[in-house]
Amino acid sequence: MGSSWSGFLEKNELDEATGLTVKQKRILVQTWAPVDKDTKKYGVALLWQLFKEYPDVQQQFPQFKDESIDKIKDSPKLRAHGSIVIKAISTMIQNLDDAECLVEMIKKTGRDHYHRGIDYKYFEIIGQFLLQFLKGQLGTDVITTEAEEAWVTVFKTINSVIKIEMDEEATQSSRPRVNND
């Protein structure tokens, strides 16, 4: 009985830095694995569906701004940027067990996007959208209720670090922001 109890405790032990349990981290790695195996396919599908559902998000990307959604679907720029986005998420998922490294990656993402003139609200949109995207692409047999809870938790953590970093940049930065309007 002692070994099963210790296994239960280990799986449910909370990592305060990420807000995730060991079990949730494992679920995130497992549910992301199919996406990580085909970055181009999922990257294109992710951005194309995101832009289709949220045209204002597309306007935040200079390389896609004011382009027809149908025109960009097969573009090498969409394949390239979609792959970059998927790989960035993959790197974060791979570093769930190294909270210090993970936080630095997230902070850099926040700083970089702040200086590109990207408003924080788009991270909230993308976090919510990504969960729906994963459900649609992988199905509810992969994105179970338990997996959904893990993804919601990790997005809350990522977005809170991004928000803090963007706010910090706003008060301390001498570098100007790019205006995407």
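In the predicted model, Glutamate 165 touches Lys107 and Arg111, leaving aside residues up to four places away in sequence. Glutamate 165 lies in helix α9 and is buried, its relative accessible area being 8%. Lys107 and Arg111 are among the α7 residues that meet α9, and Glu165 is among the α9 residues on the other side of that contact.

The contact between these two helices was examined next. The axes of helix α7 (residues 99–115) and α9 come within 8 Å and cross at roughly 50°. At that angle α7 is oblique to α9, and the crossing is right-handed. On the α7 side the contact comprises Val103, Ile106, Lys107, Thr109, Gly110, Arg111, His113, Tyr114 and His115, which meet Ile158, Val161, Ile162, Glu165, Met166, Glu169 and Ala170 in α9. Sorted by class, these residues are eight nonpolar, four polar and four charged.

Helix α9 also packs against α8. Helix α8 spans residues 121–138 and helix α9 residues 145–172; their axes come within 10 Å and cross at roughly 160°. Angles over 145 degrees count as roughly antiparallel, and α8 and α9 are therefore roughly antiparallel to each other. The crossing of α8 and α9 is right-handed. From α8, the residues Phe123, Glu124, Gly127, Leu130, Leu131, Leu134 and Lys135 take part, and they meet Glu148, Trp151, Val152, Phe155, Asn159, Ile162 and Met166 of α9. By class, this contact of α8 with α9 holds nine nonpolar, two polar and three charged residues. Ile162 and Met166 of α9 are listed in the contact with α8 and also in the contact with α7.

Leucine 134 and Trp151, both in the α8–α9 contact, also belong to the largest nonpolar core. This core has 48 residues, of which Leu28, Trp32, Phe51, Phe133, Leu134 and Trp151 touch the most other members. Two or more residues each come from α2 (22–37), α3 (39–53), α6 (76–94), α7, α8 and α9. In soluble globular proteins, nonpolar side chains tend to be buried together. Beyond residues up to four places away in sequence, leucine 134 touches Trp32, Val35, Gly139, Ile143 and Trp151. Two of these contacts, Trp32 and Trp151, are also among the core residues that touch the most other members.

Valine 57 was considered separately. Valine 57 is placed in helix α4 (residues 55–58) and counts as buried, at 2% relative accessibility. With residues up to four places away in sequence left out, valine 57 touches Leu50, Phe51, Tyr122 and Ile125. Of these, Phe51 is one of the core residues that touch the most other members. The C-alpha atoms of valine 57 and leucine 47 are 9.5 Å apart, and the two residues are ten residues apart in sequence.

For the protein chain as a whole, the secondary structure consists of nine helices and two strands. Along the sequence the elements follow the pattern α-β-β-α-α-α-α-α-α-α-α. The chain has 181 residues, and 42% of them count as buried. Among contacts with a sequence separation of 6 or more, 70% are between residues 24 or more positions apart.

Notes: Residues are numbered from 1 along each chain as its sequence is written. This is a predicted model: local features need pLDDT of at least 70, side-chain atom pairs count only at pLDDT 80 or more; totals for chains, interfaces and linings use all residues. Side-chain values use heavy atoms; hydrogens and water are left out. Axes are lines fitted to C-alpha atoms, for helices over the stretch in contact, and angles run from 0 to 180 degrees between N-to-C directions. Helices (H or I, at least four residues) and strands (E, at least two) are DSSP runs, numbered from the N terminus. Angles under 35 degrees count as roughly parallel, over 145 as roughly antiparallel, 65 to 115 as roughly perpendicular and the rest as oblique. A crossing is left-handed if the near helix is turned anticlockwise from the far one by less than a right angle, and right-handed if clockwise. Contact means heavy atoms within 4.5 Å. Ala, Val, Leu, Ile, Met, Phe, Trp, Tyr, Cys and Pro count as nonpolar, Asp, Glu, Lys and Arg as charged, and the others, Gly among them, as polar. Buried means under 20% relative accessible area, exposed over 50%, partly exposed in between (1.4 Å probe, protein chains only). A nonpolar core is a set of buried Ala, Val, Leu, Ile, Met, Phe, Trp, Tyr and Cys residues joined through side-chain atoms within 4.5 Å.
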